4 protein chains.
Amino acid sequence: MAASQDPFSPESAARAPSAGEKETGRVEAFSDGVFAIAITLLVLNLKVPTASAGGLVPALARQWPTYLAYLTSFATILVMWVNHHRLFTHIHRTTGAFLFLNGLLLLFVTAVPFPTSLVSEHLRSSDARAAAAIYAGTYFLIAVAFNVLWRYASGGMRLIDPRSNPGDVRAITRNYRFGPVFYFSAFLLAFVSVPASLGLCAALAIFFAVTGSIERPADW
Amino acid sequence: MAASQDPFSPESAARAPSAGEKETGRVEAFSDGVFAIAITLLVLNLKVPTASAGGLVPALARQWPTYLAYLTSFATILVMWVNHHRLFTHIHRTTGAFLFLNGLLLLFVTAVPFPTSLVSEHLRSSDARAAAAIYAGTYFLIAVAFNVLWRYASGGMRLIDPRSNPGDVRAITRNYRFGPVFYFSAFLLAFVSVPASLGLCAALAIFFAVTGSIERPADW
Amino acid sequence: MAASQDPFSPESAARAPSAGEKETGRVEAFSDGVFAIAITLLVLNLKVPTASAGGLVPALARQWPTYLAYLTSFATILVMWVNHHRLFTHIHRTTGAFLFLNGLLLLFVTAVPFPTSLVSEHLRSSDARAAAAIYAGTYFLIAVAFNVLWRYASGGMRLIDPRSNPGDVRAITRNYRFGPVFYFSAFLLAFVSVPASLGLCAALAIFFAVTGSIERPADW
Amino acid sequence: MAASQDPFSPESAARAPSAGEKETGRVEAFSDGVFAIAITLLVLNLKVPTASAGGLVPALARQWPTYLAYLTSFATILVMWVNHHRLFTHIHRTTGAFLFLNGLLLLFVTAVPFPTSLVSEHLRSSDARAAAAIYAGTYFLIAVAFNVLWRYASGGMRLIDPRSNPGDVRAITRNYRFGPVFYFSAFLLAFVSVPASLGLCAALAIFFAVTGSIERPADW
């Protein structure tokens, strides 16, 4: 497609990025859009209580499972966006298979508002266990999809920028490994204790946020 | 508009892309936004069942048509975004007519959540046939709009980047031809067998995903 | 802010656009996002009819005012996005006042789904006149906001790219003048004939689309 | 990550921005997406009144608290986007902590549609005080988050572009200081007078818009 361009001329460098690079940009932009919309749609789960005998403030206070689920989902999608972001720092081209693995990840991310509202509405019902298991299970699927996407991209440095530090690439592979284990634990925990399962999901979002901040304090 | 700039100076190349190129960027960004929002709004079709005698899990299981429609629509919009994406790899300028043909395509893409919820709510009613026909019919219209858009852009290489490989351009023309035929078959099939019609729509999304991956394994 | 950079070095040209240019990009991206979301939210007005005696197809057919309002609003927002797009081809920097005039325009654009659903739900009630007047009135306000924004930007070439063709700039000023007149006519027409008022709104979207395509066939 | 590139070659300058710069771009794009979606979702608070004895126009007129809350929230999110925008003019790299402080800000911004609909539905009920306090309280949290984000970024010029004018940076620090004080006053005022509290919120949006426009008339 860009066969006739001279890669060493500044003009062609600025005006005609190779197809791979250009398309990485569009995949990032599309993914960012999906993350941004999914995180913003969470607010639609917050429902205004209708006027009741006890007044607005107690009615709002009774909705605490909704706020808890909102905060946890917001933090988790944000951490996932940051991770997606970091992953693309190292990826400099795409393939068809990569686009569809990324699509699988986005499928689970866009689904998050649904288990979030399941937990909001069923946390104090007899179905709390099922709701919490589905909630943690969704995050487990996202963590698995992240690993599959990254393994595909980084295996044999398939799609990795040759300028990337191989140590950084291996560090991401190591870090991502823990996600599925932790979220599968949260899934199992739902059958034992609903608060423990949701608490683990919330703790994981905070943990990943903090380790993310510590690990590369300078410039990621 | 950019008459006074020197196209061979690196500064002007970096700072003042010609109007056509700049506007291709904005058309892509706007289209990406619309695709990203349409794909994310699909989740609003997933409704939390109210507490019922049988418990949450059976109530969720009874919603299987909703999940099937959700997955098919998600995969189809994703494949269409990938195709839109590939098409713009070759297009380097826009015209007014192109913008409006692209708008017609986006009109049908943004409408997808509506037939998706039609199928979700009517798959097990006596109106399943009509719902499935409208669902496949929407995809037929999208496939036709894709062909019209691409024929307009590629006819006489009207809007095609002169650096594009003519073989790649012809390959897209050949591939796109099949979409309307397949989706029109799914439309007709709805009057014979609803599961066959929906199954064909789901299979087409998977088929286009896989052939897309095989066809250009290296760098699209 | 960019005082220490050498504008003639290719490196600084590529890496440090002046503040004005960078911010035009963000205003365009933000505006594009708002247009893309507003146009996609229109689909939420399409409601799945509940199962009724007569079947799904007649129930859908009875919703024709909804589809008419959907198509007209979609086409109008699209035309407005194209116009916004063309306007920014000539604007190369922003001011605080410009950002807020652009915000006023976006306020009216984001409001469009509301009058659209007013018309959808009241077109066959005794309130059709009021609904149609509010619908056309919203477009009148958008057309006025467009004119105010452009007059501010183009007055004395305040924010116009010095490389822009003054004839192109004056042509936009001339074209924009008609919008408020036509939409005010549609507003007044609502009190005489609701179909004529809505028909004029639909015709204007098509008219602007076609004249837009004819006027600059080559490269806008 | 970019260790092997030659920063003085025009080609690498155009094609391989340093990680920090690239990621600032994605943070801005993601944040813009969230602001754009939050501001556009506000329209979902505008509900079409059902046909009533008195007609559509009086029914719409009775919804004035909804329009007031809509306009105030729209203007406030827009001003906040402009501020976010200006802040990023000076920030040229990110850290993990910065990404999460920005995420905290976005959390409160995405929540705005909820207190907006609280005020819309409860402004004329006995719970108006609580609704107005929560509304102003949300803006107070946003103003605090803005200050924390900026103090972190600008403290010791941590993430500030070395080419930024230190006077501009200090001016932002001075201006931002007032937000929390004003919004905390609006919060307290809600317990005394609901109209005064909401009026202050509306006035602040207009005030920040106007001072923003005056302060840097030339090119922000």
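Here's a short back-and-forth about a predicted model.

Me: What ground rules apply to the model?
Reply: Residues are numbered from 1 along each chain as its sequence is written, and chains are lettered from A and ligands numbered from 1 in the order in which they are written. Local features need pLDDT of at least 70, side-chain atom pairs count only at pLDDT 80 or more, totals for chains, interfaces and linings use all residues, and side-chain values use heavy atoms, leaving out hydrogens and water.

Me: How many helices does chain A have?
Reply: Helices (H or I, at least four residues) and strands (E, at least two) are DSSP runs, numbered from the N terminus. Along the sequence, chain A reads α-α-α-α-α-α-α-α-α-α. Strands come to zero, and the helix count is 10.

Me: What share of the residues of chain A count as buried?
Reply: Buried means under 20% relative accessible area, exposed over 50%, and partly exposed in between (1.4 Å probe, protein chains only). Chain A has 220 residues, and the buried share is 59%.

Me: Which residues form a positive surface patch?
Reply: Patch members have over 30% relative accessible area and no salt bridge, with like charges joined within 9 Å and nonpolar side chains (Val, Leu, Ile, Met, Phe, Trp, Tyr) within 5 Å. Lys and Arg count as positive, Asp and Glu as negative, while His and the chain ends aren't counted; a charge is placed at NZ of Lys, CZ of Arg, CG of Asp or CD of Glu. A:Arg174, found in helix α8 (residues 166-176) of chain A, is partly exposed because its relative accessibility is 43%. The patch is made up of A:Arg151, A:Arg170, A:Arg174 and A:Arg177.

Me: Which residue meets B:Asp161 in a salt bridge?
Reply: A salt bridge needs a side-chain nitrogen of Lys or Arg within 4 Å of a carboxyl oxygen of Asp or Glu. B:Asp161 counts as buried, since its relative accessibility is 11%, and the N to O distance here is 3.1 Å. The partner is B:Arg163.

Me: Is D:Arg163 buried or partly exposed?
Reply: D:Arg163 shares a salt bridge with D:Asp161, at 3.1 Å from N to O. D:Asp161 is buried, with a relative accessible area of 11%. For D:Arg163 that area is 30%, so the class is partly exposed.

Me: How many salt bridges are there over all chains?
Reply: One of them joins C:Arg163 and C:Asp161 at 3.1 Å, N to O. Over all chains, the count is four.

Me: How many residues of helix α6 of chain D are buried?
Reply: This helix covers residues 113-122 and is largely enclosed by the rest of the structure. Among its buried residues are D:Phe114, D:Leu118 and D:His122. Of its 10 residues, the buried ones number nine.

Terms used
Accessible areas come from the Shrake-Rupley method with a 1.4 Å probe; for residues, only the protein chains shown count as cover.
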